[in-house]
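I opened this notebook to keep track of what I looked up in the structure, one topic at a time.

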Amino acid sequence: MKYSVIKHNKNGRYRRTYDGYLDHHWLNVLDKQCEYTDNHEDADFSILPIVWEPEYEYDEKLNKIKFNNIVMLDFLEFGCGTWPDPRYYTSHSIFGYKFDMYDGFMNREVQYKLLHDNINLHLSEHVCVYFKRELSKLLDMTDISVPVLPADFINTFNSYEPVTENEFWERGLDLLYIWGRSSQDRVKMYAKIFGEMDRYGHNMYSSEKQYEEGVIKDKRDSGILLLHKEWFERCNFMKYQSNSRCVIDLYGAGMKCFRTIESTINSISFKQDLSNLKHAYDWIDGENCIFLKNHNESNVLDVNESSNIIHHYIRGNGKDDLYQIYLKSCDINLKYRNDTYLSNYFIPNIIDNLK
C-alpha cells in the first residue's frame, strides 16, 4: 500500500511533521511496511497528524486535493491545567466533527479553530478513520460519523525475553521514579516518597552518583531511585529500569505520556489510573500494571493513598504478586513495540476502514 502525510501547516519548516516523536517512532517505521509517496491522490491513505506546532496556519490548498482516504492521527495535548477537571472525560475534541472543550481552547488557539472548520467543510468526506491519543471511554460518540479509535504512545526498543523469577529478585531497585515537571502531581509524589524515608527504608537515592555508589558499588538492595530531570536533561532510563522491579508513571501534559509505554519495558508500572481512557491494549490494575488512586470525582492524584499502594507492593504482602504482574507487563509492553503495534493494530484498522 502507498501512503502520504498531509503537511497542513503552510509555515511548517519540516518535511512531513513537526513532531519528532511521530516522525521517528511512527512514520520512519511505517516506511518499512508501506510505500511512502508525496502524491496524495496516488496514495491509498493519507495521514493527517495533529500536534502542537509553532507559527501554525492552515494550508487551504489542501481543500482542492482529491484524497482517497484520510487517516486522522491526533496526538494533541491540552496541558496539565485541563485534565484535572472531570469534564475532561465527557468533552469532545474531535477535529472536524465535534469540539466542545470546556476550557475555551478554540477561543485561545484560533488557528486550531481554522483547522477544525476546514476539516469539517472540505476534508471530512475523505476521512475513513480517526485515531486519538486522549480518547475517553465515557464520550457519547453517536454524533461522530467516522470510527474513532485510540492512538497510543509506542516506542522503539529491542525485543526481549522476560527474566526468570530469580533474576527479577536479584535487581537492586524496588522502585524507579524519573520525572519531569509537566504535572504538579509528579512533584507531590516525589515529595511524599522522599518524606517517608523512615517508612520505606533508607536505601533511597536522589542522584545518579548516589545510585552508582549505593546500588552498584556497595550492592545494596531494595533501593528506591528518585530522579528529577528537566526537558533539557537526557537520561538513559533503561540503565536504571533494567535493574528495577517497578517504575512510577504519572500523567503529564496529557494522561497518556512517553512513560506510559517506557515504564513497562521489562518492568512493572505504577500508573496513575488510566481506566477511563481507551487503549489499543488495555492496562488492567493488578494484572499487567498497578493503578495509583485519584481523589474521588477528580483526576488529581491522591498522594497519600498512592503511597500506601506503592508501600503495599514493594514493602508489604503485595510483593508476592509482583513477578506474575511483571510477566503480564512484559507481554502487553511488547504489543506496544512500534513495529508490532503498527503491523498488528494501526495498519489493519486502516485497511478495515478504507473507502
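**Entry: enclosed space.** Before counting, I fixed the term: a cavity is a set of grid points where a 1.4 Å probe fits but cannot get out. The model I am reading is a predicted one, and in it I found one cavity of 30 Å³ or more. The largest cavity holds about 80 Å³ of space. For its lining I noted Phe78, Tyr88, Tyr89, Ser91, Ser93 and Met101, together with Lys132, Glu134, Leu135, Ser136, Leu139 and Leu277. Sorting that lining by class, I get seven nonpolar residues, three polar ones and two charged ones.

**Entry: open space.** I then turned to the largest pocket, for which I have a volume of about 1,200 Å³. Its lining is made by 37 residues, and those that lie nearest the centre of the pocket are Ser182, Arg186, Trp231, Arg234 and Phe258. I also asked which elements give two or more residues to this lining, and wrote down helix H1 (20-30), strand E9 (173-179), strand E12 (244-249) and helix H9 (258-262). By class, I entered 19 nonpolar, five polar and 13 charged residues for the lining of the largest pocket.

**Entry: aromatic rings.** Searching the whole structure, I found 40 aromatic pairs. One of them I examined in detail: the ring centres of Tyr341 and Tyr345 are 5.0 Å apart and the planes make an angle of 50°, so I recorded the pair as tilted. This follows because planes under 30 degrees apart would count as stacked and planes over 60 as edge-to-face. Both residues belong to helix H12 (residues 338-353), where they are four residues apart, about one turn of the helix. Tyr341 is buried, because its relative accessibility is 0%, and Tyr345, at 9%, is likewise counted as buried. I also noted that Tyr341 and Tyr345 belong to one aromatic cluster, which further includes Tyr21, Trp26, Phe75, Phe131, Phe153, Phe258, Tyr281, Trp283, Tyr336 and Phe346. Phe258 thus appears twice in my notes, in this cluster and among the residues nearest the centre of the largest pocket.

**Entry: charges over rings.** I looked for charged ends placed over aromatic faces and wrote down two cases. Lys7 lies over the face of Tyr14, at 4.9 Å from the centre of the ring. The charged end of Arg259 sits over the ring of Phe237, with 5.1 Å to the ring centre.

**Entry: backbone angles.** Most residues other than glycine have a negative phi, so I noted the exceptions I came across. Ser222, which is not a glycine, has a positive phi of about 55°. I placed Ser222 in the loop that runs between helix H7 (208-217) and strand E11 (223-228), and I entered it as partly exposed because its relative accessibility is 23%. Glu297, also not a glycine, has a positive phi of about 60°. I found Glu297 in the loop between strand E14 (290-292) and helix H10 (303-314), and with a relative accessible area of 75% it is exposed.

**Entry: cysteines.** How many disulfides are there? With sulfur atoms required to lie within 2.5 Å of each other, my count comes to zero. For Cys235, the closest cysteine sulfur is that of Cys257, and at 17 Å it is too far for a bond. Cys257 is in no disulfide either, since its nearest cysteine sulfur, that of Cys80, is 10 Å away. I also noted Cys257 as buried, because its relative accessible area is 8%.

**Entry: sequence distance against spatial distance.** Lastly I looked up two pairs by their C-alpha atoms. Phe157 and Asp339 are 182 residues apart along the chain, and their C-alpha atoms are separated by 9.7 Å. Phe157 is located in the loop between strand E8 (148-150) and helix H4 (165-169), and at 11% relative accessibility it counts as buried. Lys328 and Ile350 are 22 residues apart in sequence, and from C-alpha to C-alpha I have 28 Å in space. I placed Lys328 in helix H11 (residues 322-335), where its relative accessible area of 44% makes it partly exposed.

How values were computed:
Residues are numbered from 1 along each chain as its sequence is written. This is a predicted model: local features need pLDDT of at least 70, side-chain atom pairs count only at pLDDT 80 or more; totals for chains, interfaces and linings use all residues. Side-chain values use heavy atoms; hydrogens and water are left out. On a 1 Å grid over the protein atoms alone, a cavity is a set of points where a 1.4 Å probe fits but cannot get out, and a pocket is an open set with protein on both sides within 12 Å along at least five of seven lines; lining residues have an atom within 4 Å of a point. Grid points are joined across faces, edges and corners, and a volume is the space filled by probe spheres set on the points. Ala, Val, Leu, Ile, Met, Phe, Trp, Tyr, Cys and Pro count as nonpolar, Asp, Glu, Lys and Arg as charged, and the others, Gly among them, as polar. Rings of Phe, Tyr and Trp (its six-membered ring) pair if their centres lie within 6.5 Å; planes under 30 degrees apart count as stacked, over 60 as edge-to-face and the rest as tilted. Buried means under 20% relative accessible area, exposed over 50%, partly exposed in between (1.4 Å probe, protein chains only). A charge sits over a ring if NZ of Lys or CZ of Arg is within 6 Å of the ring centre and within 35 degrees of the ring normal.
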